[in-house]
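Visitor: I have not seen this structure before. Please take me through it by question and answer.

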Amino acid sequence: VVPTRSNKMRDVRWHLAYAPSEDDDVALFAVGRDTTNEQALAMRVRQSEKLAAVGTLAAGLAHEIRNPLNGAQLHATFLERGLRKKGASSEQLDAIRIVTEEIKRLGDLVSEFLDFARPKPLDLRPTSLRSVCERAVQLVAPIAAQQNVVLDLELPVHDIILDIDPGKIEQVLLNLIHNAIEAIEGTKRATGGTVKVRVRRKPRHALVEVQDDGPGLPAPDAPIFDPFFSTKPQGTGLGLSIVHRVVLDHGGTIDVESQAGKTMFRVSIPIQLENKAEPEEP
């Protein structure tokens with residue numbers, strides 16, 4: 001590993017070569033090749049293969065679970081109506097309510113399975129990235145206010161128009177911002193915290209960064225994008241997996257930097273420079 005001038009670490013593979021010199025000594029040459037991008041690409045390929053395998057399993061499980069859940073939900077509804085007509089006690093009604101809520105929670109989990117296993121094709125269209133970010137922040141603002149979390153949106157002076165599926169990119173942002181708010185909520189600080197959503201333009205990519213001042217990830221190498229891995233007690237472990245898949249489907253990348261007091265998710269989406277079409281609102 002070799003540090004750059006900007007203090008970023010790059011993986012380098014070294015090759016040693018010997019060559020005779022004029023005075024019969026032997027010269028040793030060390031030739032280094034930067035393999036950082038190559039290793040990152042290989043890691044993304046492995047991740048995609050893992051997602052595909054787990055997606056097939058999830059689709060089969062979701063199909064087998066959904067039908068019994070629908071039947072259980074229907075009979076729980078009938079049971080609740082019957083109990084109410086017969087003047088059941090509050091304890092009995094609370095019990096059936098808990099059963100109904102748990103069935104609904106399982107149904108939501110099955111829906112997440114299906115979203116992960118059988119993602120819909122992208123509906124690509126020229127879209128204002130500013131509008132997508134503003135809408136996502138607006139939707140999450142009430143939840144942030146309840147948790148005493150400040151949302152800070154930093155947008156570039158000039159809008160960025162991308163060929164994206166606005167609904168899916170909005171889903172990515174909502175998931176990342178929700179996670180950031182929950183990370184701060186878990187610290188139980190009376191003063192709340194701050195979540196920053198920052199948009200920047202690079203020559204060929206648009207960057208969207210979601211940063212929070214929570215406690216950080218439990219470990220720098222935690223497999224947060226792996227299916228069913230979650231740092232939350234009630235988490236399904238599918239949210240970031242779906243985010244990862246959506247970003248990859250757009251030809252982009254997602255990375256995370258985390259330490260105590262600062263966690264940043266960085267989404268990079270390529271810009272189609274030849275696209276001159278008018279943007280559409282998400």
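Visitor: Among contacts between residues at least 6 apart in sequence, what share joins residues at least 24 apart?
Guide: The model is a predicted one. A contact here means heavy atoms within 4.5 Å. Taking the contacts between residues at least 6 apart in sequence, the share that joins residues at least 24 apart is 68%.

Visitor: How many helices and strands are there in the protein?
Guide: The protein has 282 residues, and 32% of them count as buried. Its elements are five helices and 11 strands.

Visitor: In what order do the five strands of the open sheet lie?
Guide: The pairing in this sheet is mixed. The edge strands, each pairing on one side only, are β6 (149–154) and β10 (253–259). From one strand to the next the twist averages 10 degrees. The order is β6-β8-β9-β11-β10.

Visitor: Which residue of β8 is the bridge partner of leucine 151?
Guide: Strand β6 runs parallel to β8 (residues 193–201), and six bridges join the two. The partner of leucine 151 in β8 is valine 195.

Visitor: Which strands does helix α3 touch?
Guide: Helix α3 covers residues 129–146 and packs on the sheet. Its direction makes about 170 degrees with that of β6. The strands touched by α3 are β6, β8 and β9 (205–212).

Visitor: At what angle to β10 does helix α5 run?
Guide: Helix α5 spans residues 239–249. It lies across β10 and β11 (262–270). Its angle to β10 is about 135 degrees.

Visitor: How many of the 11 residues of α5 are buried?
Guide: Buried means under 20% relative accessible area. The residues of α5 that meet this include Leu240, Ile242, His244 and Arg245. The helix is mostly covered, and the count of buried residues is nine.

Visitor: Which residue just after α5 takes a positive phi?
Guide: The helix α5 ends at residue 249. Just after α5, a phi of about 75 degrees is found at glycine 251.

Visitor: Is arginine 198, in its salt bridge with glutamate 154, buried or exposed?
Guide: The side chains of glutamate 154 and arginine 198 meet at 3.2 Å, N to O. The pair links distant parts of the chain, with glutamate 154 in strand β6 and arginine 198 in strand β8, 44 residues apart. Glutamate 154 has a relative accessible area of 30%, so it is partly exposed. Arginine 198 has 15% relative accessibility and therefore counts as buried.

Visitor: Which residues are linked with Glu154 and Arg198 in a network of salt bridges?
Guide: Glutamate 257 and arginine 266 form a salt bridge, their closest N and O atoms being 3.2 Å apart. Glutamate 257 is partly exposed, at a relative accessible area of 43%. This pair belongs to the network too. Linked with Glu154 and Arg198 are Arg200, Glu209, Glu257 and Arg266.

Visitor: What is the N to O distance between arginine 125 and aspartate 123?
Guide: Arginine 125 is partly exposed because its relative accessibility is 24%. Aspartate 123 is also partly exposed, at 38%. Their side chains meet in a salt bridge, and the distance is 2.2 Å.

Visitor: How many salt bridges does the count come to?
Guide: A salt bridge needs a side-chain nitrogen of Lys or Arg within 4 Å of a carboxyl oxygen of Asp or Glu. By this rule the count is 11.

Conventions:
Residues numbered from 1 in each chain as written. Predicted model: local features only at pLDDT ≥ 70, side-chain atom pairs only at ≥ 80, totals over all residues. Heavy atoms only, no water. Pairing = 2+ DSSP bridges. Helix = DSSP H or I, 4+ residues; strand = E, 2+ residues; numbered from the N terminus. Axes fitted to C-alpha atoms, helices over the stretch in contact; angles between N-to-C directions. Buried < 20%, exposed > 50% of the residue type's maximum accessible area, 1.4 Å probe, protein only.
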